[in-house]
Amino acid sequence: MEKIIEFKNVSKTYDSGTHALNNASISIEKGEFVFIVGASGAGKSTFLKLIMHEETPSRGTILVNGVNVTKIKRRKVPYLRRNMGIVFQDFRLIDKMTVYDNVAFAMRAIGARPSAVKKRVPYILDLVGLSDKAKNRPSELSGGEQQRVSLARALVNNPSIIIADEPTGNIDPEMSFEIIELLSKINDQGTTILVVTHEHDLVRHFNKRVVVIEKGRVVSDTNDDGESVPYQLTDYSDIDSSDVPPQTAEKISRQVAQEFSEIVAENSEEGQPYGGSNAEVSSDIEG
Amino acid sequence: MRISGFSYLIKEGLKNVWNNRIMSIASVCVLISCLILTGSAVLFSMNVSQLVESVSDSNETTVYLENGLSKVEAVYVGRDLKKIKNIADAQYFPKEEAFEEFKGRLGEELFENMKGDNPLPDAYKVTMTDLSKYNETVDKIKALDGVQKISSRKELAQRLSSINSLVQTLSFWIVLALGIISLFIISNTIRATMYSRRFEISIMKSVGATDAFVRIPFVVEGVTIGLIASVISTVALVFLYDGIMSIVSSLIHIEVMPIMSVIWYVALIFVLAGVVIGALSGFISIRKYLKKEGNEILGW
């Protein structure tokens with residue numbers, strides 16, 4: 001399979017001294033659907049910014065579509081971004097424009113012909129199921145609908161990658177499932193999808209590749225075993241418990257314990273006795 | 001870039017002017033006052049120049065020759081005069097001609113008793129290339145043999161030309177200062193537009209709009225402000241000039257330059273200045289935003 005995104009030993013240290021990414025290597029193939037999970041501040045946003053060339057790495061190489069974007073010229077960056085459609089947590093819709101114009105805006109901004117806009121926008125709105133809301137303002141729509149507009153805008157220029165940064169962060173759970181289902185449908189057409197999220201329910205529900213980033217490192221990748229395995233527990237083994245404030249540690253341990261019991265329950269239903277190393281992780285944190 | 005893309009960007013620029021109309025009107029007003037002040041300074045200077053020219057043209061220095069000089073000697077004096085560097089022309093003006101001119105000006109009757117006696121000397125009418133070197137040139141003329149005396153309106157001409165050079169220097173600095181002020185104010189207006197559209201800018205950048213595409217609407221905004229201001233300034237200056245000059249010419253009897261003779265020239269300069277200042281403001285203001293990425297544009 002052709003690689004669409006490749007990080008080779010990428011580190012990013014901000015001017016403030018924050019190490020956002022630490023020697024991270026990851027490769028995503030064309031047509032994959034990948035969840036990127038991790039606590040806030042783990043480096044997920046930096047990961048996305050590096051792909052979009054909003055930031056440049058301090059060390060390492062990033063290839064997008066086989067092009068080394070760390071060495072790309074400034075004036076080439078817009079053309080790199082035309083390969084990507086971005087979906088934001090806060091939708092980023094322009095409220096003084098109608099739904100139609102919000103989507104058309106992305107096409108006009110890259111100099112599309114008016115005739116192409118007229119043809120493409122209704123098609124995309126139909127795809128996300130918003131044809132009847134074309135003349136509405138974004139503020140008249142529900143959160144889920146707004147996110148679908150945002151998704152339509154990301155799709156309209158026919159990108160090869162969709163990058164969704166916490167796309168379900170501002171909408172209710174049912175809508176969240178719908179959005180991911182929609183993304184999954186788009187993925188079936190061959191578009192690579194990257195979804196950053198911290199909603200474990202979603203990740204567990206959709207059987208996709210999961211990459212866990214903690215403290216700027218890729219600590220777990222379901223693809224590492226060579227085949228896609230269901231998402232299991234977040235690997236917190238990298239965390240030195242002495243670094244973690246007591247409250248956070250308590251939260252993490254509670255979360256881990258809950259996830260653990262859920263997975264045990266799921267596995268025992270399927271008649272597979274569960275006995276993993278994760279039990280030890282949980283006790284590690286508590287200790 | 002395709003025409004369709006370009007016309008979209010121009011429309012966006014015009015929308016910017018309208019959506020941000022209070023600031024746009026303020027900018028137009030400031031630019032108008034700058035252009036009118038600049039234009040007034042230039043017109044004033046042109047008038048003074050014209051005055052200096054008419055004074056030095058119509059009142060050439062008259063060099064009177066000594067009485068009793070023969071015609072041949074007069075020709076020699078003329079040749080010597082023409083050899084002096086600063087003298088553009090020396091026209092022989094024989095006493096007979098001077099007498100006729102005198103008679104014509106004062107009336108034949110006065111001279112009836114003179115019975116052909118002509119008390120006037122022969123003369124040369126001399127024009128100089130550079131009036132500021134008047135004194136040196138006069139000294140050189142006086143040193144010539146056969147020259148009796150020199151008369152002219154030198155003081156007036158000299159004073160006028162020194163006023164003119166003062167006005168020119170002054171207007172240069174006024175133009176420069178006002179140009180910078182306009183630039184500053186229009187960039188602030190555009191920056192306000194940009195702030196209100198930062199959201200759109202961030203989206204444009206995220207979908208892969210080129211710098212030119214992000215920039216053009218703001219340059220169009222600046223150019224529009226410049227164009228509006230320059231047209232209004234031209235019209236206003238015509239009325240202002242006519243008004244002031246009719247007052248001035250009723251007070252002192254001087255020939256003022258008619259505005260219509262230079263109006264197209266003024267209009268062209270105004271439009272050029274407006275467009276350049278406007279476009280430059282757009283360019284300067286957007287630079288900061290073009291360098292930013294993602295949330296930086298939104299100030300998060």
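## The S9–S10 hairpin

In this predicted model, A:Val212 has A:Ser220 of S10(A) as its bridge partner, and A:Ile213 is bridged to A:Val218 of S10(A). These pairs belong to the antiparallel pairing of strand S9 (residues 209-214) with strand S10 (residues 217-221) of chain A, which extends over four bridges.

Two residues lie between the strands of this hairpin, and A:Lys215 adopts a positive phi near 50° there. As a general point, the strands of a sheet pair through backbone hydrogen bonds, either parallel or antiparallel.

## The six-stranded sheet

The hairpin strands are part of an open sheet of six strands in chain A, arranged in the order S6-S7-S8-S3-S9-S10 with mixed pairing. At the edges of the sheet are strand S6 (84-87) and S10 of chain A, each of which pairs on one side only. Direction ignored, neighbouring strands of this sheet are turned against each other by 20° on average.

## Helices packed on the sheet

Helix H6 (residues 173-188) of chain A packs on the sheet and touches S3, S7 and S8 of chain A, with a direction that makes about 155° with that of S8(A). Helix H1 (residues 44-52) of chain A lies across strand S3 (33-37), S6, S7, strand S8 (192-197) and S9 of chain A, and runs at about 150° to S7(A). S3, S7 and S8 of chain A are thus named among the strands for helix H1 and again for helix H6.

## The surroundings of A:Val156

Where along chain A does A:Val156 lie? A:Val156 is found in the loop that connects helix H5 (143-155) with strand S7 (161-165) of chain A, and that strand is one of the six in the open sheet described above.

Is A:Val156 buried or exposed? A:Val156 is buried, because 25 other C-beta atoms lie within 10 Å, where the cut-off for a buried residue is 20 or more. Once its neighbours within four places in sequence are left aside, A:Val156 is in contact with A:Val103, A:Ala106, A:Met107, A:Arg120, A:Val121 and A:Ile124. Between the C-alpha atoms of A:Val156 and A:Tyr123, which are 33 residues apart along the chain, the separation is 9.0 Å.

## The chain as a whole

Chain A contains nine helices and 10 strands, and 41% of its 287 residues count as buried. Among the contacts in chain A with a separation of 6 or more, 67% are accounted for by residues 24 or more positions apart.

Key: Residues numbered from 1 in each chain as written. Chains lettered and ligands numbered in written order. Predicted model: local features only at pLDDT ≥ 70, side-chain atom pairs only at ≥ 80, totals over all residues. Buried ≥ 20, exposed ≤ 12 C-beta atoms within 10 Å, placed from the backbone. Contact = placed C-beta atoms within 7 Å. Pairing = 2+ DSSP bridges. Axes fitted to C-alpha atoms, helices over the stretch in contact; angles between N-to-C directions.
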